[in-house]
Amino acid sequence: MTTLGFIGAGSMASAIMHGLISSGTPGEQIIFSRHNTDAGTQLATELRARFTTDNTEVAAASQIVVLAVKPYLIASVLDEISPHLSPGTLLVSVAAGVSLADIASHAPANQPIVRAMPNVNSQIGMGMTGLCANAFVSPEKFAAVEKLFSAVGEVATLPEHLFSAFSAIAGCSPAWTYTYIDALARGALAEGMTKREAVRVAAQAVLGSAQMVLDSIDTAIPAELVDRVTSPGGTTIAGLLAMEDAGFSPAVVAGVRAAVVRDQA
C-alpha cells in the first residue's frame with residue numbers, strides 16, 4: 001500500500017486530498033502535516049486521514065511526498081525532511097517557480113523528483129496540471145503522480161522549459177477568464193440585464209464554449225468554430241470585429257508574454 005504524504009495542507013493540497021478520497025483512495029493511505037492543529041484535526045476528520053504537525057513524520061512514513069508549501073519555504077522544508085527520506089521516496093513539488101534543479105539542490109542525491117503545477121480550478125475537480133520529472137523518476141512512479149493529479153482534473157506532461165508558458169495559459173488564465181466574463185456581464189448590464197443574471201449567462205456560455213473546443217480538439221481548431229457561429233453581416237461578426245479593433249487578440253497574446261517574462265525574471 002502506497003502512503004501519500006502532504007507537507008502543507010492549504011487550499012491546493014486540501015483539494016488534491018479530497019479529490020483522492022472521492023476517486024477511491026482510502027483515507028488511511030494519506031498522512032499530512034500542518035502547523036494549525038485545529039484546522040489539521042478538522043481536515044483529518046473529514047478525510048479520515050492521519051494528521052501530524054511534524055514534517056519529518058510525513059517524510060518517514062510516505063512513499064510519495066507532496067511539497068505543498070509556499071515557494072520561499074521549499075528549501076528549509078527540504079533541509080528539514082531530507083534525512084528522513086528513503087532513497088526511493090518520490091518528491092512532488094507544487095511550489096510555483098521552484099525548478100527541479102532548485103529542489104534537487106536541497107534533496108538527497110539521485111532523489112526522484114516531479115514538479116507539478118496545478119491551477120486554481122483543481123479546487124472544484126476541474127484543474128489543469130502540468131508535470132515534469134527528473135531523470136530518477138521511473139515510468140511507474142510518474143504514472144502514480146499522473147493518477148494523483150487526475151483526481152482533480154486533467155494532466156499535461158511537458159518539458160520544464162515550457163512551464164512558464166504553461167503557467168500563463170493554465171495558471172494565470174483563470175483570472176483573465178474571470179475578467180472576460182465580468183466584462184461580458186458589464187456589457188449586458190449596460191443594456192438592462194441584472195449583473196447576477198448576466199454573470200450566470202456569460203459563465204455558462206464560456207463553460208459550454210470550452211467544452212465545445214475540447215470535444216472538437218482533434219477535428220477543428222477554435223478559429224473554425226468561430227466561423228461556424230459567425231453569419232455574414234450578423235451580430236457576431238460585428239461584435240468580433242469591434243473587439244479586434246480594440247485589440248482583443250493582441251492583448252491576450254501580450255498578456256501571455258508578460259506573464260512568461262515575469263515568471264522567468
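Here is a short tour of selections to make in your viewer, with what each one shows.

Before you click, note that this is a predicted model, where local features need pLDDT of at least 70, side-chain atom pairs count only at pLDDT 80 or more, and totals for chains, interfaces and linings use all residues. Residues are numbered from 1 along each chain as its sequence is written, and side-chain values use heavy atoms, with hydrogens and water left out.

**Stop one: Thr129.** Select residues 127-133, and you have strand β7, home of Thr129 (strands are DSSP runs of E, at least two residues, and helices are runs of H or I, at least four, both numbered from the N terminus). Is Thr129 buried or exposed? It's buried, at a relative accessible area of 0% (buried is under 20%, exposed over 50%, partly exposed in between, with a 1.4 Å probe and protein chains only). Now show its contacts beyond four places in sequence: among them are Met117, Phe149, Val155 and Phe166 (contact means heavy atoms within 4.5 Å). For a distance check, pick Val152: it sits 23 residues from Thr129 in sequence, and 8.8 Å away C-alpha to C-alpha.

**Stop two: residues 160-264.** An unreviewed UniProt entry lists this span as "domain: Pyrroline-5-carboxylate reductase dimerisation"; such annotations may be inferred rather than shown by experiment. Colour by secondary structure and you'll get 80% helix and 0% strand, with the end C-alpha atoms 12 Å apart.

**Stop three: Leu184.** Go to helix α7, which covers 163-190. Leu184 is partly exposed there, at 32% relative accessibility.
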